Amino acid sequence: MKKLQLIKNAKKIVIKIGSSLLIDNGKFNYKWLRSFVEDLDSFLNKTQIIIVASGAVSLGKSYLKFNTHEVNLNIKQAFAACGQIFLMNNFIKVFEEKKKKVAQILLTFADTEDRRRSLNSRETIKSLLLSDVIPIINENDTVATDELKFGDNDRLAARVAQIVEADLLLLLTDVEGLFNKNPKRHGDAKLVEKVTKIDSQIYKMASSQTNFYGSGGMLTKVQAAEIAGSYGCNTLIFQGNVNNPFENLQKNNIGSVFV
C-alpha cells in the first residue's frame, strides 16, 4: 500500500506533531519544522490541514529555568502558559517564511464533549480553513485538571478529526510504526503495515512489553486510531523525526495504516 497516495487522496487531514519532534534539548527545533512545512508545500498544497502540536510545557519549563523533575499540576499549568506563547511565535515565524498563516486554538476535554461547544469549535476551524489559515491546536493545559484532561495529544487529535470530519489522521512518531513485537529484542519483528480491526492482539502489540515505543506512546496512538475509526476516519502512524518526513515516507513507504 502506498501510504503517500492515501495522504494525497484525503481532502481534510489532522496532523499530530509530538514534542519529541518539535523540541530538541529544551529548544525549539526550527530545522525540523522548516522541513515539515516544505513537505506541506510539496505534497499537501491543495489539502485542508489542521495541526495538533505539543511542546508548550517543555518550552515553558526551559523559559522559567525550572530544573526539578517533581512538579505539581499548577506548576505544569504555569509552564504551559509561558510555553504556549513561544510555541505559537515559532510556528508563525516558520510558516510565514512560506507565506502561510496560522491560528491558535486551545481546547479542553469539555470543549469536545459538550455538543454546543464542539459545534462552535468546528465552525471556528471551518472559518479558518476557508480563509487559508492553518489551525494549530493544543490542549488548554493552563486550565485543564487531571480529572478532565485528554492526557495526550494523540487522543485530542482523534477527537479533532471527529469534530472537523477529517478523512485522515496522521500521527507522526519517532518510530516507523506499529511492530508485531519489540524489534529491539526480536530480529524477526515486522512492521504491521495495515490494520483493519483493532482488537486485543493489536493492543498487545502496542503495549510496553511488546513495543519499544512504550505504553505511553504507541498505545495511545492505537487508542487514537480506534477513536478516529469509529467516526470513519482512517489513521496513518509513521516516522516523523527525520527532515522532510513526507518525502521520507514516499521513499521508504513505511508506517502503519488503520482503516
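Strands are DSSP runs of at least two E residues, helices are runs of at least four H or I residues, and both are numbered from the N terminus. The views below show a predicted model.

**Figure 1. Ala189 sits in the loop between β7 and β8.**
Strand β8 covers residues 194–195. Ala189 counts as buried, because its relative accessible area is 18% and the cut-off for buried is under 20%. Its contacts, leaving aside neighbours within four places in sequence, are Phe179, Asn180, Lys181, Asn182 and Pro183. Asn25 is elsewhere in the chain: Ala189 and Asn25 are 164 residues apart in sequence. In space, the two C-alpha atoms are 31 Å apart.

**Figure 2. Asp188 and Lys181 form a salt bridge.**
The closest N and O atoms of Asp188 and Lys181 are 3.5 Å apart. Asp188 is partly exposed, at 48% relative accessibility. Lys181 is also partly exposed, with a relative accessible area of 27%. Lys181 is among the residues in contact with Ala189, the subject of the previous view.

**Figure 3. A salt bridge joins Lys221 to Asp154.**
The closest N and O atoms of this pair are 3.1 Å apart. Lys221 lies in helix α10 (residues 218–229) and Asp154 in helix α8, so the salt bridge ties together parts that are 67 residues apart in sequence. Buried or exposed: how does Lys221 count? Lys221 is buried, at 2% relative accessibility. Asp154 is buried too, with a relative accessibility of 2%. The pair belongs to a network of salt bridges that links Lys16, Asp154 and Lys221.

**Figure 4. Glu97 and Arg34 pair across distant parts of the chain.**
By the salt-bridge rule, the model has ten salt bridges. In the one between Glu97 and Arg34, the closest N and O atoms are 2.8 Å apart. Glu97 is in the loop between α5 and β5, while Arg34 is in helix α3 (residues 30–43). The two residues are 63 residues apart. Glu97 is partly exposed, with a relative accessible area of 43%. Arg34 is partly exposed as well, at 30%. Side chains of opposite charge can pair when their charged atoms come close.

**Figure 5. Lys12 is buried and has no salt bridge.**
Lys12 is in strand β1, which spans residues 12–17. Which side chain of opposite charge is nearest to Lys12? That side chain belongs to Glu165, and it is 5.7 Å away. A salt bridge needs the nitrogen within 4 Å of a carboxyl oxygen, so a separation of 5.7 Å does not qualify. Leaving aside neighbours within four places in sequence, Lys12 is in contact with Thr47, Gln48, Ile50 and Leu129. Its other contacts in this count are Val164, Glu165, Ala166, Asp167 and Leu168.

**Figure 6. Glu165 has a positive phi although it is not a glycine.**
The phi value of Glu165 is about 60°. Most residues other than glycine have a negative phi. Glu165 is found in the loop between α8 (153–164) and β7 (168–173). Glu165 is exposed, with a relative accessible area of 57%.

**Figure 7. Lys99 also shows a positive phi.**
Phi of Lys99 is near 60°. Where is Lys99? Lys99 is in the loop between α5 (73–96) and β5 (101–107). At 78% relative accessibility, Lys99 counts as exposed.

**Figure 8. The second largest pocket has a volume of about 280 Å³.**
Its lining has 14 residues, and those closest to its centre are Asn45, Thr47, Lys100, Asp132 and Ile134. Which strands each supply at least two residues of the lining? Strands β4 (48–53) and β6 (133–139) do so. The lining residues divide into six nonpolar, three polar and five charged. Thr47, one of the residues closest to the centre, is also in contact with Lys12.

**Figure 9. Asn140 is in the loop between β6 and α8.**
Buried or exposed: which describes Asn140? Asn140 is buried, with a relative accessible area of 16%. Not counting residues up to four places away in sequence, Asn140 touches Leu106, Leu107 and Thr108.

Conventions
Residues are numbered from 1 along each chain as its sequence is written. This is a predicted model: local features need pLDDT of at least 70, side-chain atom pairs count only at pLDDT 80 or more; totals for chains, interfaces and linings use all residues. Side-chain values use heavy atoms; hydrogens and water are left out. Buried means under 20% relative accessible area, exposed over 50%, partly exposed in between (1.4 Å probe, protein chains only). Lys and Arg count as positive and Asp and Glu as negative; His and the chain ends are not counted. Contact means heavy atoms within 4.5 Å. On a 1 Å grid over the protein atoms alone, a cavity is a set of points where a 1.4 Å probe fits but cannot get out, and a pocket is an open set with protein on both sides within 12 Å along at least five of seven lines; lining residues have an atom within 4 Å of a point. Grid points are joined across faces, edges and corners, and a volume is the space filled by probe spheres set on the points. Ala, Val, Leu, Ile, Met, Phe, Trp, Tyr, Cys and Pro count as nonpolar, Asp, Glu, Lys and Arg as charged, and the others, Gly among them, as polar.
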